[in-house]
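I opened my notebook to look a few things up, one residue or strand at a time. Here is what I wrote down, in the order I looked.

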Protein chains: 2
Amino acid sequence: MKYFVGVELGVKNILVGVVDKYGKLIRKESVPTLKERPYTEIVEDIAKLITEVLDKEDIDIRSVKYIGVGCPGTPDAKNGIIVRNYTLNFHNTPIRAELEKYINLPVYIENDANCAALAESVAGAAEDIDFSVTVRIGTGIGGGIIISNKVYSGFNYAGAELGHMVVSFDGLKCTCGRNGCWESYASATALMNQASEAAAKCPESLINKLVENDYGKLTENIIFEAARKGDITAKEVINKYLFYLSEGLVNIVNILQPEVIVIAGQIAKEGEYFLKPLKEMVNSKVYCQQVRQTGITLAQTGSAAVIIGAAMLGVYKNMALHSNVLI
Amino acid sequence: MKYFVGVELGVKNILVGVVDKYGKLIRKESVPTLKERPYTEIVEDIAKLITEVLDKEDIDIRSVKYIGVGCPGTPDAKNGIIVRNYTLNFHNTPIRAELEKYINLPVYIENDANCAALAESVAGAAEDIDFSVTVRIGTGIGGGIIISNKVYSGFNYAGAELGHMVVSFDGLKCTCGRNGCWESYASATALMNQASEAAAKCPESLINKLVENDYGKLTENIIFEAARKGDITAKEVINKYLFYLSEGLVNIVNILQPEVIVIAGQIAKEGEYFLKPLKEMVNSKVYCQQVRQTGITLAQTGSAAVIIGAAMLGVYKNMALHSNVLI
């Protein structure tokens with residue numbers, strides 16, 4: 001039996017998990033990232049945590065086939081480098097070379113959203129599906145494109161930035177410098193902004209009561225709870241938000257026609273109440289109505305997504321690693 | 001030596017060409033489509049024209065390896081059917097089965113824009129490049145995505161509808177029913193509308209002189225000619241148009257990061273005067289600036305694009321034909 005180790009190198013925590021060949025998580029552990037310190041110390045802690053997780057499960061490191069690291073930012077998957085990551089302040093940081101100082105195993109590096117998409121493809125909502133897209137709704141919108149069971153992120157590993165697809169060229173200013181990026185309208189942050197703005201205008205909205213007039217307490221769940229209880233403001237906010245979300249999803253369908261789009265993030269917990277109207281909106285707007293339609297479904301790998309996907313990177317290698325591209 | 005036959009089944013004309021294994025066009029011939037007649041008669045004419053082209057080049061049909069048909073609309077590449085094509089009024093039309101009544105060779109079917117993209121990949125501006133996107137600017141905007149030298153059009157062959165990516169969700173009404181599709185702003189039709197509107201507001205614009213006040217005579221070339229001669233209205237129209245065009249192209253880069261985007265259509269004849277400012281606009285807006293950037297270049301296969309791409313369909317099969325997808 002072979003095992004696979006996945007690392008989620010996050011802004012707050014380092015998570016390490018061991019996974020079987022089916023992408024099933026066996027165990028995970030975490031330590032704080034302490035992101036202000038040098039990357040060499042961070043990698044040293046990753047190596048220690050890998051040893052610890054394996055020890056706890058009594059797995060010999062010689063039974064481990066690959067190690068994968070999922071991290072926000074743009075990877076250079078070929079050279080095992082994080083090209084750029086503002087939140088961790090990584091710039092051309094040689095994660096693979098550093099980790100190989102401690103552990104003699106092949107190390108793969110990938111963007112965290114791409115890892116999450118691979119996890120859904122290997123062991124989640126897109127299992128056994130060749131072409132899938134995972135959309136992670138959080139602070140921004142992260143995306144992962146899986147084609148023929150491999151991460152597709154273009155010739156330079158920088159693709160699948162689905163949140164930075166402009167859907168309103170004269171719209172809201174985005175952190176990336178453009179106007180009207182999808183994530184400015186359809187991220188969780190955007191939903192919170194839309195809800196607090198609407199609730200502030202409507203003092204009788206249930207939202208105000210639920211957050212005790214402190215919009216800092218607002219969550220996706222509170223907005224949906226208010227809507228479920230009949231609050232008109234919350235319903236209107238959600239309806240408009242679903243329009244924004246569906247516009248980007250329809251673009252993805254028209255461009256990529258994946259067999260399935262998987263929605264991940266806190267909002268996916270709202271289940272059918274969220275999914276049903278979203279599906280109807282998307283299906284009514286896609287360009288070609290006469291063919292089998294892309295399914296939309298909710299993520300299944302949850303908080304283990306990045307670990308599982310990272311662990312599987314060596315098995316289902318980024319498509320550009322199979323190509324002749326010289327970057 | 002093996003040969004390959006490509007058919008462009010257009011609204012006005014049927015074009016048939018014979019191509020060598022490098023995608024080089026050896027000869028092409030055409031007959032009118034006469035689209036009002038039954039598809040069986042159209043296919044009979046295709047078969048006759050294939051025989052004629054081969055005869056003229058003294059090529060034995062036993063030296064032909066594959067036949068490919070490029071056609072507007074949505075194909076079912078697996079079953080050799082045109083699922084839907086409004087302009088030719090095809091609906092689940094079994095082109096392959098009909099053509100096989102006349103010729104005993106494998107027949108492949110693909111959307112015409114996808115064929116054009118494959119042609120650029122095999123024998124044009126994206127030769128030797130694994131990941132490329134071709135954008136055809138005409139009445140609308142057609143797209144073709146090439147991944148690992150194969151046409152990628154999703155699990156149902158209906159993808160790469162790049163023109164129907166919304167870039168302004170409260171914008172101009174599109175024929176597809178949505179608001180603000182890219183082609184409503186960046187197709188050749190859109191450019192003509194933008195130029196005639198601007199010229200009508202500005203009687204002293206050179207555009208009015210060049211078309212003798214008849215906007216029906218307007219072409220891409222006339223607008224660019226006016227701009228080259230210093231006409232401010234034309235320059236402003238082009239600048240705004242390039243903004244619209246660049247917004248969609250940047251989206252494509254952020255999502256797909258192809259190594260090259262190939263621009264096809266009449267406008268590509270404007271060369272560097274068109275390409276240089278477009279490249280600058282795109283490069284300044286892409287999300288990840290720290291990696292090697294997508295190149296933007298002009299199409300090379302010209303009016304033979306669809307024929308060449310169709311002829312090569314059997315060699316570089318649609319990616320979904322390699323997958324496990326059952327549609």
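**Entry 1: a lysine in a helix.** I began with Lys240(A), which I found in helix 8 of chain A, a helix covering residues 232-256. I reminded myself that this is a predicted model. Is Lys240(A) buried or exposed? Neither word fits: Lys240(A) counts as partly exposed, because its relative accessibility is 43% and that class lies between under 20% for buried and over 50% for exposed. I also looked up its distance to Tyr185(A): the two are 55 residues apart in sequence, and their C-alpha atoms are 9.7 Å apart in space.

**Entry 2: chain A as a whole.** Next I stepped back to see the chain around that helix. I counted ten helices and 13 strands in chain A. The C-alpha trace spans about 60 × 50 × 35 Å along its principal axes. How does the radius of gyration of chain A fit a compact globule? For 327 residues such a globule would have a value near 20 Å, and chain A has 20 Å, so the two agree. I noted that 61% of the 327 residues count as buried. Among contacts between residues at least 6 apart in sequence, 63% join residues at least 24 apart. Chain A exposes about 12,700 Å², and carbon and sulfur atoms supply 49% of that area. I looked up the charges too: the mean positions of the 33 positive and 37 negative ones are 2 Å apart.

**Entry 3: a leucine in a strand.** I then moved to Leu15(A), which sits in strand 2 of chain A, residues 13-19. Leu15(A) counts as buried because its relative accessible area is 18%, and the cut-off is under 20%. Which residues does Leu15(A) touch, leaving out those up to four places away in sequence? My list includes Gly6(A), Val7(A), Lys28(A) and Ile307(A). Ala123(A) is 108 residues from Leu15(A) along the chain, and their C-alpha atoms are separated by 19 Å.

**Entry 4: a leucine in a loop.** For another leucine I picked Leu34(A), in the loop between strand 3 (25-32) and helix 1 (39-56) of chain A. Leu34(A) is exposed, with a relative accessible area of 53%. Its phi is positive, about 50 degrees, although Leu34(A) is not a glycine.

**Entry 5: strand 6 of chain A and its partners.** Four of the five residues of strand 6 (residues 81-85) are buried, so the strand is largely enclosed by the rest of the structure. Strand 5 (residues 74-76) pairs with strand 6 in the antiparallel sense over three bridges, and Thr74(A) stands opposite Arg84(A). Their hairpin has four residues between the strands, and Gly80(A) in the turn has a positive phi of about 70 degrees. Three bridges also join strand 6 to strand 7 (residues 90-93), again antiparallel, with Asn85(A) partnered by Phe90(A). In that hairpin, Asn89(A) in the turn has a positive phi of about 60 degrees.

**Entry 6: the hairpin in chain B.** Finally I turned to chain B, where three bridges join the antiparallel strands 6 (residues 81-85) and 7 (residues 90-93). Which residue is the bridge partner of Asn85(B)? I found Phe90(B), in strand 7. Asn89(B) is in the loop between these strands, and its phi is positive, about 55 degrees, although it is not a glycine. Asn89(B) is exposed, with a relative accessible area of 69%.

Methods
Residues are numbered from 1 along each chain as its sequence is written. Chains are lettered from A and ligands numbered from 1 in the order in which they are written. This is a predicted model: local features need pLDDT of at least 70, side-chain atom pairs count only at pLDDT 80 or more; totals for chains, interfaces and linings use all residues. Side-chain values use heavy atoms; hydrogens and water are left out. Two strands pair if DSSP finds at least two bridges between them. Helices (H or I, at least four residues) and strands (E, at least two) are DSSP runs, numbered from the N terminus. The radius of gyration is taken over C-alpha atoms; the globule rule is 2.2 Å times the number of residues to the power 0.38. Buried means under 20% relative accessible area, exposed over 50%, partly exposed in between (1.4 Å probe, protein chains only). Contact means heavy atoms within 4.5 Å. Accessible areas come from the Shrake-Rupley method with a 1.4 Å probe; for residues, only the protein chains shown count as cover. Lys and Arg count as positive and Asp and Glu as negative; His and the chain ends are not counted. The place of a charge is taken as NZ of Lys, CZ of Arg, CG of Asp or CD of Glu.
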